Amino acid sequence: MKILIVEDEHKTGDYLRQGLSEAGFVVDLARDGIDGMHLALTGEYDLLVLDIMLPGIDGWGILQAVRRAELEMPILFLTARDRVEDRVQGLEMGADDYLIKPFAFSELLARIRSLSRRGKSKTIDNFYIADLELDIAKRRVTRSGQRIDLTAKEFSLLELLLRRRGEVLSRSLIASQVWDMNFDSDTNVIDVAVRRLRAKVDEPFDPKLIRTVRGMGYVIEVDEV
């Protein structure tokens with residue numbers, strides 16, 4: 001799940017980006033309204049976390065632009081504006097939720113996950129291949145009925161492979177989708193992550209599901225006999 005945060009207060013923005021990244025999300029951070037609006041309209045995000053009081057263009061303006069563009073991503077206002085009138089205005093203009101600062105990160109995370117489930121009614125919540133099951137909502141992976149504990153990044157990597165089942169995914173695509181970074185050919189972070197994922201979901205079981213396509217990338221599939 002890819003989230004855009006638009007927050008001009010540096011400490012809060014950095015805190016949100018780190019916390020949500022550690023929770024398994026791909027996160028972009030814009031520090032003013034102009035950059036925030038540009039990214040919101042062009043970046044194909046699954047959810048927008050938006051402050052109201054921003055330099056350049058305020059949160060109201062970004063919300064209006066997103067809804068005029070008929071983008072369906074959920075929008076959560078995260079703001080110090082705590083008046084009832086502001087909350088009502090935000091919701092009536094098309095925001096999906098409104099959380100007031102200061103906030104508990106656990107509550108923000110719960111609201112984001114609730115919005116993601118609500119906003120993805122048309123998408124798949126569970127993925128199956130052979131005897132492997134990945135449950136998005138419960139953040140759970142099992143194989144042959146056995147629970148497999150994955151890190152947040154391993155879960156995101158497996159989810160990406162399953163969403164694109166049968167498609168060879170390049171290292172650069174995996175890097176951008178899971179680590180939100182440009183792939184550096186001098187680093188082996190993707191190969192190490194795939195190796196660790198295989199050790200958990202493939203090595204103790206048959207059939208093997210994650211395959212390396214030399215010079216191209218990785219794919220998850222069941223070999224046809």
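**A four-stranded sheet and the helix packed on it**

In this predicted model, strand β6, spanning residues 126-129, presents two faces: Phe-127 and Ile-129 lie on the covered one, whereas Asn-126 and Tyr-128 lie on the uncovered one. In a regular strand, side chains alternate between the two faces of the sheet.

The neighbour of β6 is strand β7 (residues 132-135), which runs antiparallel to β6 and is joined to it by four bridges. Two residues separate these strands in a hairpin, and Ala-130 in the turn has a positive phi of about 50°. Within the pair, Phe-127 of the covered face of β6 stands opposite Leu-134 in β7.

The pairing continues from β7 to strand β8 (residues 140-143), again through four bridges and in antiparallel fashion. Here Leu-134 has Val-141 of β8 as its bridge partner. Leu-134 can therefore be followed in both directions, since β7 is bridged to β6 and, by the definition of pairing through at least two bridges, also pairs with β8.

Taken as a whole, the sheet is open and has four strands in the order β6-β7-β8-β9, with antiparallel pairing. Its edges are β6 and β9 (146-148), each of which pairs on one side only. From one strand to the next, the twist averages 20°. Helix α6 packs on this sheet and touches β6, β7 and β8; the direction of α6 makes about 110° with that of β7.

Helix α6 (residues 152-163) also meets helix α8 (residues 189-201): their axes come within 10 Å and cross at roughly 85°. Because of this crossing angle, α6 is roughly perpendicular to α8. On the α6 side, the contact is made by Glu-154, Leu-157, Leu-158 and Leu-161; α8 contributes Ala-193, Val-194, Arg-196, Leu-197, Lys-200 and Val-201. The residues of this contact comprise seven nonpolar and three charged ones, with no polar residue among them.

One further residue of helix α6 is Ser-156. Is Ser-156 buried or exposed? Its relative accessibility is 12%, and Ser-156 therefore counts as buried, the limit being under 20%. The side chain of Ser-156 reaches the backbone oxygen of Gly-24 at 3.0 Å. When neighbours within four places in sequence are left aside, Ser-156 is in contact with Gly-24 and Val-178.

Methods:
Residues numbered from 1 in each chain as written. Predicted model: local features only at pLDDT ≥ 70, side-chain atom pairs only at ≥ 80, totals over all residues. Heavy atoms only, no water. Buried < 20%, exposed > 50% of the residue type's maximum accessible area, 1.4 Å probe, protein only. Axes fitted to C-alpha atoms, helices over the stretch in contact; angles between N-to-C directions. Parallel < 35°, antiparallel > 145°, perpendicular 65-115°, else oblique. Contact = heavy atoms within 4.5 Å. Nonpolar A, V, L, I, M, F, W, Y, C, P; charged D, E, K, R; others polar. Polar contact = N/O pair within 3.5 Å; in protein donor to acceptor, adjacent residues only side chain to side chain.
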